[in-house]
Amino acid sequence: MGWLERVGHRLKRDAHLLWIAARDQRTPVPAKIVGGLVAAYAFSPIDLVPDFVPLLGILDDLLLVPLGLALALALIPRPLAAEFRAAAETAAERPVSRTGAVLVVLTWAAILGLVAIQLVGVRFW
């Protein structure tokens, strides 16, 4: 396994770790919130910035997910993170976040709505 595959495996494993941590009662609330959002985005079948957008489509995956993982992992106590990491490593099935997909779709709908309002020239204030 090359270094790129190892990094990809770690990112997927740690995103799954956050998925597990967000559902555990022992996880601090800030870690649940940040971890849940990062895991939902990481496992969402839809990206905030589609991959076909030059440079930005890949940068969101290369920056947002690892930075979110680092922040969320810093909020989880180390012994608890080690337990969740072991559970994520042995998990056979990776979750898919429909919630994350819905959040991304709603974000894009809001952006498109604002653009449409600007194009039409409607003023609310």
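D24 and R26 form a salt bridge (a side-chain nitrogen of Lys or Arg within 4 Å of a carboxyl oxygen of Asp or Glu), and their closest N and O atoms are 3.0 Å apart. This is a predicted model, in which local features need pLDDT of at least 70, side-chain atom pairs count only at pLDDT 80 or more, and totals for chains, interfaces and linings use all residues. Residues are numbered from 1 along each chain as its sequence is written, and side-chain values use heavy atoms, with hydrogens and water left out.

**The D24 and R26 pair**

- D24 is buried, with a relative accessible area of 17%; buried means under 20% relative accessible area, exposed over 50%, and partly exposed in between, using a 1.4 Å probe and protein chains only.
- Its partner R26 is partly exposed, at a relative accessible area of 46%.

**Salt bridges between helices**

- In total, the structure holds five salt bridges.
- One of them joins the side chains of R13 and E89, at 3.5 Å from N to O.
- Because R13 lies in helix α1 and E89 in helix α4, this pair ties together parts that are 76 residues apart in sequence; helices (H or I, at least four residues) are DSSP runs, numbered from the N terminus.
- R13 is buried, with a relative accessible area of 12%, while E89 is partly exposed at 38%.
- Another salt bridge brings together the side chains of D14 and R85, at 3.3 Å from N to O.
- Here too, distant parts of the chain are linked: D14 sits in helix α1 and R85 in helix α4, 71 residues apart.
- D14 is buried, with a relative accessible area of 11%, and R85 counts as partly exposed at 27% relative accessibility.
- Put these four residues together and you have a network of salt bridges linking R13, D14, R85 and E89.

**The nonpolar core**

- A nonpolar core is a set of buried Ala, Val, Leu, Ile, Met, Phe, Trp, Tyr and Cys residues joined through side-chain atoms within 4.5 Å.
- The largest one here has 20 residues, and those with the most contacts inside it are L17, L18, A39, F43, L69, I76 and F84.
- Two or more residues of this core come from each of the elements α1 (3–22), α2 (29–43), α3 (56–75) and α4 (78–90).
- Try finding I76 in the structure: it touches L17, L18, A21, T27, A31 and A81, not counting residues up to four places away in sequence, where contact means heavy atoms within 4.5 Å.
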